[in-house]
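Hi,

Here is the structure I said I would pass on. Have a look at it first, and my notes on what turned up are underneath.

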Amino acid sequence: LLANYNHGNDNFHHTLHTLEVKIDSIGKPIVFMIVGAFVSPMDLWESIVPGLLIASLFIIIVRPIAVFFSLFPVKGMTKNQKWFLCSVRETGVVAMLLSMMMSIRFPEMKAILPITTWVVITTLVILPPLTMRWARRLDLLETEKA
């Protein structure tokens, strides 16, 4: 979150936009396809309860606390804007990459990939429909002028 300080600089805008589009359109799908080869439907079924519990923990407690404290030193943002960023979902690519590296390094931790997959699936399904409602509740939407 703090590394995106160059978005306001016109010199970097085109380069940053191009990089983000390439990551979104190429990098993320590749990571998810690779994970799909390592996580079987049976592994997902067997890990549904811990996966959903951990996903709930991340959505409700871990991510909001981590993001809020990482935004604490950021000036020029309102408290509502910070709370909004605490709840906006991430795609889970970083979590997937980290869990893939962990499962390669520590093969005995075979449950890490299916549980991470549940966390990513849950956040991708639950949080996007709530984004507009949350923004409206925090009074962050600009009203249309007639």
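Let's start at Phe-38: once you set aside neighbours within four places in sequence, this residue is in contact with Asp-43 and Leu-113. Phe-38 sits in helix α1. Its C-alpha is 8.9 Å from that of Met-100, although the two residues are 62 apart along the chain. Is Phe-38 exposed or buried? It counts as exposed, because its relative accessibility comes to 53% and the cut-off for exposed is over 50%.

Before going further, please keep in mind that this is a predicted model. The average pLDDT for the protein chain is 81, and 87% of the residues score at least 70. Confidence varies between elements: helix α1 (residues 10-38) has the lowest mean pLDDT, 72, while helix α2 (residues 41-46) has the highest, 92.

**Overall layout**

The protein chain has six helices and zero strands, so to speak of its order from the N terminus on, you just read α-α-α-α-α-α. Of its 146 residues, 26% count as buried. As for contacts between residues at least 6 apart in sequence, 67% of them join residues at least 24 apart.

**The pocket by Phe-38**

Phe-38 also helps line the second largest pocket, along with Asp-43, Glu-46, Ser-47, Met-100, Ser-103, Ile-104, Lys-110, Ala-111, Leu-113 and Pro-114. Which elements give two or more residues to that lining? They are α2, α5 (93-105) and α6 (112-137). The biggest giver is α5, with three residues. Sorted by class, the lining holds six nonpolar, two polar and three charged residues. The volume of this second largest pocket is about 280 Å³.

**The cores**

In soluble globular proteins, nonpolar side chains tend to be buried together. Here, the largest nonpolar core has 10 residues in all: Val-31, Val-35, Val-39, Leu-44, Val-93, Met-96, Met-100, Leu-113, Trp-118 and Val-120. Helices α1, α5 and α6 each supply at least two residues of this core. There is also a second, separate core of five residues, and among them are Val-67, Phe-68, Val-74 and Cys-86.

Val-31 is a good place to look at the largest core from the inside. Leaving out neighbours within four places in sequence, Val-31 is in contact with Val-93, Met-96 and Leu-97. Val-93 and Met-96 are also members of the largest core.

Met-100 and Leu-113 are worth a click too, since each turns up in the pocket lining and in the largest core.

**Around α3 and α4**

Leu-52 is in helix α3 (residues 48-71). Not counting residues up to four places away in sequence, Leu-52 touches Trp-118 and Thr-122. Trp-118 is one of the residues of the largest core. The C-alpha atoms of Leu-52 and Thr-117 are 10.0 Å apart, with their positions 65 residues apart in sequence. Leu-52 counts as partly exposed, because its relative accessibility is 36%.

Which residues of α4 are buried? They are Lys-82, Phe-84 and Cys-86. What covers them includes α3 and α6. Cys-86 is also part of the second core.

Lys-79 is in helix α4 (residues 79-87) as well, but Lys-79 is exposed, with a relative accessible area of 56%. From Lys-79 to Leu-138 the C-alpha distance is 9.4 Å, and the two are 59 residues apart in sequence.

**Along α6 and after it**

Met-132 belongs to helix α6. The C-alpha of Met-132 is 10.0 Å from that of Val-88, which is 44 residues away along the chain. At 46% relative accessibility, Met-132 counts as partly exposed.

One more residue to check is Asp-139, in the segment after α6. Most residues other than glycine have a negative phi. Asp-139 is not a glycine, yet it has a positive phi of about 60 degrees. Is Asp-139 buried or exposed? It counts as exposed, because its relative accessibility is 64%.

Best wishes

Conventions. Residues numbered from 1 in each chain as written. Predicted model: local features only at pLDDT ≥ 70, side-chain atom pairs only at ≥ 80, totals over all residues. Heavy atoms only, no water. pLDDT = per-residue confidence, 0-100. Helix = DSSP H or I, 4+ residues; strand = E, 2+ residues; numbered from the N terminus. 1 Å grid on protein atoms, 1.4 Å probe; cavity = no way out; pocket = protein on both sides within 12 Å on 5 of 7 lines; lining within 4 Å. Points joined across faces, edges and corners; volume = space filled by probe spheres on them. Nonpolar A, V, L, I, M, F, W, Y, C, P; charged D, E, K, R; others polar. Buried < 20%, exposed > 50% of the residue type's maximum accessible area, 1.4 Å probe, protein only. Core = buried A, V, L, I, M, F, W, Y, C linked by side-chain atoms within 4.5 Å. Contact = heavy atoms within 4.5 Å.
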